[in-house]
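Work through the exercises below with the sequence and the model at hand. Each task is followed by a worked solution.

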Amino acid sequence: MLEDNPFFVLGLATDASRIELEREAQKLLGMLELGFVDAKTYLTPLGPRSRTPELVRAAVAALRDPYRRLIAELWAHHAPPAAPAEVAAAEPEPSHNGIRRASGGACRCTRYR
């Protein structure tokens, strides 16, 4: 229930209104149809997952049903935070040498000496 939770699939908060739900679904379906890379994956507490138009339509259908929405809200609300492992690893650490070079070599910071 965590990896295909409708709120994760649509990238919405659990307090999203019905209008927000419909707008986000239409936006995602359009982006998927056009092949936007950002729309092809979504984050879950279990890591990134692949998003398809069928999955988006199923998520909308689930959130239109009050009982299924309540179950999805409970699971999404109590799930651990999504940890994008690839995104965190892809960002380079800031280099202190770059700061030293940019300031003309006159760094007074004692932490990095």
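The exercises concern a predicted model and deal with its helix geometry, helix packing and one loop residue.

**Exercise 1.** Compare the span of helix H2 with the expected value.

Solution. H2 covers residues 18-34 and has 17 residues. From its first C-alpha to its last, H2 reaches 25 Å, close to the 24 Å expected at 1.5 Å a residue. Just after H2, Gly35 has a positive phi of about 80°.

**Exercise 2.** Determine which residues of H2 are buried and how they are placed around the axis.

Solution. Start with the residues under 20% relative accessible area: in H2 these are Leu21, Glu24, Ala25, Leu28, Leu29, Met31 and Leu32. These buried residues span an arc of only 165° around the axis, so they sit on the same side of H2. On the other side, Ile19, Arg23, Gln26, Glu33 and Leu34 are exposed. The cover over the buried residues of H2 includes H1 and H3.

**Exercise 3.** Classify the relative orientation of H2 and H3, and describe their contact.

Solution. The axes of H2 and H3 (residues 53-64) come within 10 Å and cross at roughly 170°. Angles over 145 degrees count as roughly antiparallel, and H2 and H3 are therefore roughly antiparallel to each other. H2 contributes Arg18, Leu21, Glu22, Ala25, Leu28, Leu29 and Leu32 to the contact, and H3 contributes Pro53, Val56, Arg57, Val60, Leu63 and Arg64. By class, the contact has nine nonpolar, four charged and no polar residues.

**Exercise 4.** Locate Ala13 and assign its exposure class.

Solution. Ala13 is in the loop between H1 (6-10) and H2. Its relative accessibility is 45%, so Ala13 counts as partly exposed. The C-alpha atoms of Ala13 and His77 are 8.7 Å apart, with the two residues 64 residues apart along the chain.

Definitions and conventions: Residues numbered from 1 in each chain as written. Predicted model: local features only at pLDDT ≥ 70, side-chain atom pairs only at ≥ 80, totals over all residues. Heavy atoms only, no water. Axes fitted to C-alpha atoms, helices over the stretch in contact; angles between N-to-C directions. Helix = DSSP H or I, 4+ residues; strand = E, 2+ residues; numbered from the N terminus. Parallel < 35°, antiparallel > 145°, perpendicular 65-115°, else oblique. Contact = heavy atoms within 4.5 Å. Nonpolar A, V, L, I, M, F, W, Y, C, P; charged D, E, K, R; others polar. Buried < 20%, exposed > 50% of the residue type's maximum accessible area, 1.4 Å probe, protein only. Expected span 1.5 Å × (residues − 1). Arc of directions from axis to C-beta.
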